[in-house]
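Welcome! Please take a moment to look over the sequence and the 3D structure below before reading on.

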Amino acid sequence: MPRFNTSDNVQFFLKLTPRRAWNAMKVLASFQISKWFNKMLVWGYPMSMSIEPTTACNLSCPECPSGLKSFSRATGTIKQDHFRQTIDSVYKELIFLNFYFQGEPYLHKGFLDMVKYASEKGIYTATSTNGHFLDDEQAKKTIQSGLDRLIISLDGITQDVYQQYRIGGDLEKVIAGAKKIVHWKKQLKSKTPMVVFQFLVVKPNQHQIAEAKELAKKIGVDDIWFKTAQIYDYETDPNDLITDLDQYSRYRKNERGETIPKNKMQNHCWKMWQSNVVTWDGKVVPCCFDKDAEHLMGDLKVNDMKEIWYGKEYNQFRTSLMKSRKNIDICANCSEGLKVWS
């Protein structure tokens with residue numbers, strides 16, 4: 001499941017119904033049995049899901065296919081009726097919904113309407129934004145939508161540092177937007193959303209960690225998370241993005257001096273039993289590392305989620321993963337099992 005802090009644990013557990021709790025128990029039990037006996041067994045339905053509002057983005061971040069416009073798959077924006085159909089088919093078991101895969105969610109004109117729809121179904125809702133579209137109106141609507149968690153990417157506390165990763169970004173807009181969110185949360189006396197600054201630690205900003213913590217306190221966000229960065233060309237030496245701070249890096253040097261991922265790549269993955277990702281056009285993929293939707297589990301325009309979840313493609317993928325995860329391309333640079341530090 002996604003990460004939670006003490007401050008939003010209560011909000012999350014308020015979303016649990018007897019049906020959702022029972023489904024979660026079945027999912028967890030089948031995953032554990034699969035690990036113990038090294039044989040694929042699946043009970044229940046997804047507990048969490050990521051849905052992609054749009055692939056569009058206003059920034060050009062160097063490790064992001066959306067920012068680099070480097071997708072091999074189709075790009076576009078999810079249709080409201082398709083979104084509602086998807087939610088209607090899964091909400092009775094679904095606990096957590098993340099409005100993010102690629103792209104900037106606030107560029108979808110109906111984004112907050114979708115959040116409200118899911119929130120009214122009793123689902124814990126979250127999103128991640130680069131923070132450039134949180135004007136006064138959007139900030140107020142965000143609070144009113146029922147969103148449970150808002151992650152705002154910070155990645156630097158001065159413009160010169162911030163823009164080295166968030167290319168095309170304006171730090172002043174991000175800070176102003178965060179302040180507006182905090183303001184309207186107080187004005188409306190709302191417990192939600194939990195507002196988080198997310199600081200992706202890379203070499204250009206690693207010296208600003210302490211100052212970022214101070215900025216978060218000053219603005220009044222609920223928390224700040226320091227996240228390890230996924231680097232596609234991590235074998236390049238020297239690498240301009242991989243941080244020197246070991247605890248914030250997904251990578252390490254081996255005995256030959258080569259840069260390799262820290263993840264030990266065990267032949268199991270919790271995500272394959274409890275969550276999945278839906279692209280803007282209804283493609284179901286196994287996880288957020290499949291940026292180009294190359295591992296297609298199914299299409300929601302053809303089948304519903306519950307058919308796809310138990311379908312041939314999903315079961316073959318799970319079985320392959322349990323035999324040799326290292327041979328699956330999207331798993332090679334995976335951070336599953338590595339802690340996100342704060």
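Here is a short briefing on the sheet, its inner strands, two helix pairs and one loop residue. Please keep in mind that this is a predicted model.

**The sheet as a whole**

- A good place to begin is the open sheet of nine strands, which follows the order β6-β5-β4-β3-β2-β1-β9-β10-β11 and has mixed pairing.
- Its edge strands are β6 (223-228) and β11 (298-299), each of which pairs on one side only.
- Helix α4 packs on this sheet and touches β1 and β2. The direction of α4 makes about 175° with that of β1.

**Strand β1 and its two neighbours**

- Strand β1 covers residues 48-51, and both of its faces are covered. Ser-48 and Ser-50 lie on one side, Met-49 and Ile-51 lie on the other, and all four are buried.
- This fits a general pattern: in a regular strand, side chains alternate between the two faces of the sheet.
- On one flank, β1 runs parallel to strand β2 (residues 96-99), and three bridges join them. Here Ser-48 has Phe-96 of β2 as its bridge partner.
- β1 also pairs with strand β9 (residues 275-278), again in the parallel sense, over four bridges.
- Within the pairing with β9, Met-49 stands opposite Asn-276, while Ser-50 stands opposite Val-277.

**Strand β3, on from β2**

- β2 pairs with β3 as well, in the parallel sense and over four bridges.
- Phe-96 appears again here, since its bridge partner in β3 is Tyr-124.
- How many residues of strand β3 (residues 124-129) are buried? Six of the six are, so β3 is largely enclosed by the rest of the structure.
- Tyr-124, Ala-126 and Ser-128 point one way from β3, whereas Thr-125, Thr-127 and Thr-129 point the other way.

**Helices α4 and α5**

- Two packed helices are described by the angle between their axes and the distance between the axes.
- For helix α4 (residues 80-90) and helix α5 (residues 111-120), the angle is about 20° and the axes are 11 Å apart.
- These two helices are therefore roughly parallel to each other, a term that applies to angles under 35 degrees.
- α4 passes α5 in a right-handed crossing.
- On the α4 side, the contact is made by Gln-80, Phe-83, Arg-84, Ile-87 and Asp-88, which meet Asp-113, Met-114, Tyr-117 and Ala-118 of α5.
- By class, this contact of α4 with α5 has five nonpolar residues, one polar residue and three charged residues.

**Helices α6 and α8**

- Helix α6 (residues 136-144) packs with helix α8 (residues 171-187) at an angle of about 50°, and their axes are 9 Å apart.
- α6 and α8 are therefore oblique to each other.
- The crossing of α6 past α8 is right-handed.
- Asp-136, Ala-139, Lys-140, Thr-142 and Ile-143 of α6 meet Lys-180, Ile-181, Trp-184 and Lys-185 of α8.
- The residues of this contact of α6 with α8 divide into four nonpolar, one polar and four charged.

**A loop residue to look up: Arg-250**

- Where is Arg-250 placed? Arg-250 sits in the loop between β6 and β7 (251-253).
- Is Arg-250 buried or exposed? Arg-250 is buried, because its relative accessible area is 7% and buried means under 20%.
- Arg-250 and Pro-261 are 11 residues apart along the chain, and their C-alpha atoms are separated by 5.8 Å.

Methods. Residues are numbered from 1 along each chain as its sequence is written. This is a predicted model: local features need pLDDT of at least 70, side-chain atom pairs count only at pLDDT 80 or more; totals for chains, interfaces and linings use all residues. Side-chain values use heavy atoms; hydrogens and water are left out. Buried means under 20% relative accessible area, exposed over 50%, partly exposed in between (1.4 Å probe, protein chains only). Two strands pair if DSSP finds at least two bridges between them. Axes are lines fitted to C-alpha atoms, for helices over the stretch in contact, and angles run from 0 to 180 degrees between N-to-C directions. Angles under 35 degrees count as roughly parallel, over 145 as roughly antiparallel, 65 to 115 as roughly perpendicular and the rest as oblique. A crossing is left-handed if the near helix is turned anticlockwise from the far one by less than a right angle, and right-handed if clockwise. Contact means heavy atoms within 4.5 Å. Ala, Val, Leu, Ile, Met, Phe, Trp, Tyr, Cys and Pro count as nonpolar, Asp, Glu, Lys and Arg as charged, and the others, Gly among them, as polar.
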